[in-house]
Amino acid sequence: MMWDMVDATTLERAAHESHLEDLVVISGYSGAGKSTAMAVFEDAGYFCVDNLPPEMIRALVELFVHEGSKVERAAVVSDVRGGDYFEAFRAVLDDLSTLGLQHRVLFLDADEQSLLTRYKETRRRHPAAPGSSVTSGVAAERAVLEAVKERADVVIDSTGLKTHMLRRKIADEFLPRAPATRLAVTLESFGFKHGPARDADLVLDVRFLPNPHYEAALRPLTGHDARVVAYIERDGRLAQFYERVVPLLDFLLPQYVAEGKAHLTIAIGCTGGRHRSVAIAEHLGERYAARDDVLVEVVHRDADRASGYGDADPSGGTSELAPLGAGDAVTEDGDDDATPSEDDRLSG
């Protein structure tokens with residue numbers, strides 16, 4: 001125990017009488033999104049402290065539970081920037097549990113390549129290896145933090161997540177919300193060439209439809225253009241697709257509302273994310289925006305990218321649509337084996 005028995009007894013009594021209702025301790029790998037997490041809690045009205053050595057958490061807790069403190073919710077970031085103090089982290093968590101102080105631990109994770117890429121973009125030195133390479137720092141930090149990760153109440157992997165996706169994921173896990181009366185539905189178009197959809201509940205692969213990329217006049221356009229839509233519709237398969245997908249979604253959406261789900265992301269993917277997926281996302285968005293039980297947002301991840309890919313199937317391919325369940329994907333074998341997009345990477 002870091003705190004002697006007298007102090008522990010006093011603090012335990014104060015903790016039960018204090019206004020502090022929630023203490024979130026944020027840790028994780030450098031570059032995995034801790035700054036983004038801190039911003040989520042700041043926006044929610046939490047009292048926030050960044051870069052706090054573990055042993056200083058004790059002093060902060062004493063202030064929070066002091067008789068005159070009005071702090072009800074707080075969040076602190078404690079990570080390897082605390083230097084030698086970091087080994088005390090687990091002992092501090094044990095002490096908080098002994099005090100009976102309501103607290104939760106959030107750990108931000110990411111794969112090695114994502115961490116390396118984010119640090120290379122920022123050109124910052126890694127705190128775990130300021131005099132060495134970023135690769136060495138990532139490896140050293142992972143060795144230190146693995147035990148802390150095991151103690152976390154919630155581990156969130158930010159690999160491939162854009163900032164707004166990570167913010168929403170953290171908010172869904174940690175922030176209280178009123179029971180949802182309307183389901184928030186995000187329809188996101190994307191291109192498989194630029195990496196798989198992230199944070200999607202349902203994925204629809206529409207690469208079986210005619211591909212406007214192979215028409216020179218249509219290639220520079222996007223699925224917003226009526227000429228592109230007409231081309232996709234030309235052989236009747238798009239209409240057949242809607243005949244199957246729309247009844248499926250009509251069935252699923254009320255089920256998710258009844259379950260209490262607050263947000264649903266439906267990702268629609270084609271090869272480049274400019275034509276077919278955009279047209280379908282827009283069509284479904286217009287249809288479901290008229291309903292009074294959902295709030296619809298349409299997002300186009302890759303529509304602004306140049307249409308210059310060379311690995312698409314010129315025949316358009318064929319696929320048979322199968323019924324979906326929550327989290328299932330409609331996919332087909334293809335040759336779109338691309339590296340995930342690194343746009344809008346997280347920092348902190």
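**Entry 1: Asp302 and its partner**

I began with Asp302, which counts as buried at 1% relative accessibility. The model I am reading is a predicted one. I looked for a charged partner and found Arg305, which forms a salt bridge with Asp302, the closest N and O atoms being 3.0 Å apart. I then looked up the accessibility of Arg305 and noted that this residue is partly exposed, with a relative accessible area of 22%. I record the two classes as they follow from the cut-off: buried means under 20% relative accessible area, so Asp302 at 1% falls on the buried side.

**Entry 2: Other salt bridges**

How many salt bridges are there by this rule? I noted a count of 13. One group drew my attention, as Asp250, Arg287, Arg291 and Asp293 are joined into one network by salt bridges that share partners.

I next looked up Arg207 and found a salt bridge to Asp205, with the closest N and O atoms 2.7 Å apart. Is Arg207 buried or exposed? I entered Arg207 as buried, at 9% relative accessibility. Asp205 is likewise entered as buried, with a relative accessible area of 2%.

I then turned to Arg237 and Asp235, whose side chains meet in a salt bridge at 2.7 Å, N to O. Here I noted Arg237 as partly exposed at 23% relative accessibility, and Asp235 as partly exposed at 38%.

**Entry 3: Charges over rings**

I returned to Arg207 to see what else its side chain meets. The charged end of Arg207 sits over the ring of Phe192, 3.8 Å from the ring centre. Arg207 is thus recorded twice in my notes, once with Asp205 in a salt bridge and once with the ring of Phe192.

I also looked up Arg287, a member of the salt-bridge network noted above. Arg287 lies over the face of Tyr288, at 4.9 Å from the ring centre.

**Entry 4: Aromatic pairs**

I counted aromatic pairs next and entered six by this rule. One of them is formed by Phe41 and Tyr46, an edge-to-face pair with 5.1 Å from centre to centre and 65° between the planes. Both Phe41 and Tyr46 are buried.

Why is the pair of Phe41 and Phe174 edge-to-face? I noted ring centres 5.7 Å apart and planes at 80°, so the pair of Phe41 and Phe174 is classed as edge-to-face. This pair links distant parts of the chain: Phe41 belongs to helix 2 (residues 34–43) and Phe174 to helix 7 (residues 163–174), and they are 133 residues apart. For accessibility I entered 0% for Phe41, which counts as buried, and 4% for Phe174, which is buried as well. Ring pairs link Phe41, Tyr46 and Phe174 into a cluster.

**Entry 5: Nonpolar cores**

I then asked which residues have the most contacts inside the largest nonpolar core. I listed Leu23, Ile26, Phe41, Leu106 and Ile170, in a core of 50 residues. Helix 4 (residues 89–99) gives the largest share of this core, namely five residues.

I examined Leu23 further. Leaving aside neighbours within four places in sequence, I found Leu23 in contact with Val61, Phe64, Ala74, Leu96, Leu101, Gln102, His103 and Arg104.

I also entered a second, separate core of 33 residues, which includes Ile232, Leu248, Leu253 and Cys270.

**Entry 6: Ser189**

I located Ser189 in strand 6 (residues 183–191). Ser189 counts as buried, at 0% relative accessibility. I then looked for a polar partner and noted that a polar contact of 2.8 Å joins the side chains of Ser189 and His300. Not counting residues up to four places away in sequence, Ser189 touches Ile268, Gly273, Ser277, Val278, Ala281, Val299, His300, Arg301 and Asp302. Asp302, with which I opened these notes, is therefore among the residues in contact with Ser189, since contact means heavy atoms within 4.5 Å.

**Entry 7: Positive phi values**

Last, I looked up the backbone angle of Asn51, which has a positive phi of about 55° although it is not a glycine. I placed Asn51 in the loop between strand 2 (47–49) and helix 3 (54–64), and noted a relative accessible area of 35%, partly exposed.

Where does Asp199 lie? I found Asp199 in the loop between strand 6 and strand 7 (202–205). Phi of Asp199 is near 65°, a positive value in a residue other than glycine. I entered Asp199 as partly exposed, at 26% relative accessibility.

Note on methods. Residues numbered from 1 in each chain as written. Predicted model: local features only at pLDDT ≥ 70, side-chain atom pairs only at ≥ 80, totals over all residues. Heavy atoms only, no water. Salt bridge = Lys/Arg side-chain N within 4 Å of Asp/Glu carboxyl O. Buried < 20%, exposed > 50% of the residue type's maximum accessible area, 1.4 Å probe, protein only. Phe/Tyr/Trp six-rings, centres within 6.5 Å; stacked < 30°, edge-to-face > 60°. Helix = DSSP H or I, 4+ residues; strand = E, 2+ residues; numbered from the N terminus. Lys NZ or Arg CZ within 6 Å of the ring centre and 35° of its normal. Core = buried A, V, L, I, M, F, W, Y, C linked by side-chain atoms within 4.5 Å. Polar contact = N/O pair within 3.5 Å; in protein donor to acceptor, adjacent residues only side chain to side chain.
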